[in-house]
Amino acid sequence: MCVVASPMKEALAHRTAAAGAAAAAAAADTQTGCPALKGDSQLTPFIILTGGSRSAATVALQVITHQTEKMIKNGHHHHQVNTAAGKDAGSTPGTAACSPEKRRRRIRVWCDGCYDMVHYGHSNQLRQAKAMGDYLIVGVHTDSEIAKHKGPPVFTQAERYKMVRAIKWVDEVVEGAPYVTTLQTLDKYNCDFCVHGDDITLTVDGKDTYEEVKKSGRYRECKRTQGVSTTDLVGRMLLMTKAHHSNIDSSDYQQHTDNFGKGSHGQKGHSPWTGVSQFLQTSQKIIQFASGQEPQPGDTIIYVAGAFDLFHIGHVDFLEAVHKLAEKPYIIVGLHFDQEVNRYKGKNYPIMNVHERTLSVLACRYVSEVVIGAPFAVTKDLLDHFKVDLVCHGKTEIYPDKDGSDPYAEPRREGILRTVDSVNSLTTDAIVQRIIKNRLLFEARNQKKEANEIAVIQAMKRQEEEKTKERAQAVL
């Protein structure tokens, strides 16, 4: 890591005073009500480019300019407010730099969805949405609304509400949000705009649920996370193969990726939104999800370990209970490698590979750090390395190590092992049983969903072809 020398600071102070003042105002603490750059738009104070001839001041100015442009692109700018809609007036373009006396109103962002079987794709959407504003409100649909438009959800609405609240980028959850997003909903919660992925969500009648907000210009789009979908996860559970552990070629898994979710009505084509694609982990993705915070003096460092497969409400309740054990908890989650999980769980477990499980756990607001590929036995070396104060385990079965020994022998010996009752008996096995029990219903749901999506894609294609013909005729 490079350290900025004092000459560079002096050059920046003298040669980029105007740009520095603008950046300082833009990056003001959100506690004062002024816009801050966060998430993907975080301001980098100084960057050293080695091997170049440009001055430090020039480099710093370019950094400030680049990051400020990103800020504006993501919505961190003075927003014209519709006071007639009952919104807080706040500042308008041309207002002076933020101060305690004149504060800019925070940008409020709306997201909504089913959030059934919440996975890291959902979390990544919410992360991107939060980066576009300051305060993120998430509306979650009821069971009856989902059943009407899509088919039966896997999780109950109470479970889904709590899962979304546990995602660290979410500031507020609206229970029972309408399935179709309207301007009335955005105005009710004083939201500037809504954010959705670059796929399409349809009503039971085949209409775009975001049509109204799109036409009004209060719609933003974020990138859909490749390699994960509820369709794919359901398929993994039903196939009972281990192909997803390492993304190896498998005739059974390939058949799933080709056929699962396709309708029985003989339609041609394939929906890019309901289909299955391969997830590729990157260091950048982990950085985006990680908190990046080190333990602070006075923190109680708590270690928990396991598979945390299909990260669900049972895991959330357990981690919440662990979080309540200390005034300043710093929770480290040790994730076992796929082969280790399969050794003690058997069948086709884990459903999610270790890279997917890492992002799912990192998205939880109660988790501070994740150890990827943690040793099965909680050893003295591990406890000393992380300076662990407390080791916790739920009331689920403790599987023995390969040699039959107790993997928690060392923390027991040191007197720091605590059994935590989350008062939630839900397990990954129970979720799989829900899927198997309702297999035909879920398959029918995906068939219907993809059939509608393909019909929309074909209609959009025809519309684009007609526009192309009209433009060609106009030229002639």
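Let's start with two helices: α6 passes α12 in a left-handed crossing. Keep in mind that this is a predicted model.

Who makes the contact? On the α6 side, Glu159, Lys162 and Met163. On the α12 side, Ile313, Val316, Asp317 and Glu320. Sort those residues by type and you get 3 nonpolar, no polar and 4 charged.

Now the geometry. Helix α6 covers residues 157–165, and helix α12 covers residues 313–323. Their axes lie 10 Å apart, and the packing angle is about 50 degrees. An angle between 35 and 65 degrees counts as oblique, so α6 and α12 are oblique to each other.

Next, the sheet. It is open, with 5 strands, and the pairing is parallel. Read across, the order is β8-β7-β6-β9-β10. Which strands sit at the edges? β8, residues 369–372, and β10, residues 417–419; each pairs on one side only. As a general point, strands of a sheet pair through backbone hydrogen bonds. Here, neighbouring strands are turned by 25 degrees against each other on average, ignoring direction.

Take one pair inside that order. Strand β6, residues 300–306, runs parallel to strand β9, residues 390–393, and 2 bridges join them. Look for Tyr303: it stands opposite Val391 in β9.

Back to α12. That helix also packs on the sheet, where it touches β6, β7 and β9. Its direction makes about 140 degrees with that of β7, residues 329–335.

One more helix: α14, residues 354–362. It packs on the sheet too, touching β6, β7 and β8. Against β8, the direction of α14 makes about 170 degrees.

Methods: Residues numbered from 1 in each chain as written. Predicted model: local features only at pLDDT ≥ 70, side-chain atom pairs only at ≥ 80, totals over all residues. Heavy atoms only, no water. Axes fitted to C-alpha atoms, helices over the stretch in contact; angles between N-to-C directions. Helix = DSSP H or I, 4+ residues; strand = E, 2+ residues; numbered from the N terminus. Parallel < 35°, antiparallel > 145°, perpendicular 65-115°, else oblique. Left-handed = near helix turned anticlockwise from the far one by under 90°. Contact = heavy atoms within 4.5 Å. Nonpolar A, V, L, I, M, F, W, Y, C, P; charged D, E, K, R; others polar. Pairing = 2+ DSSP bridges.
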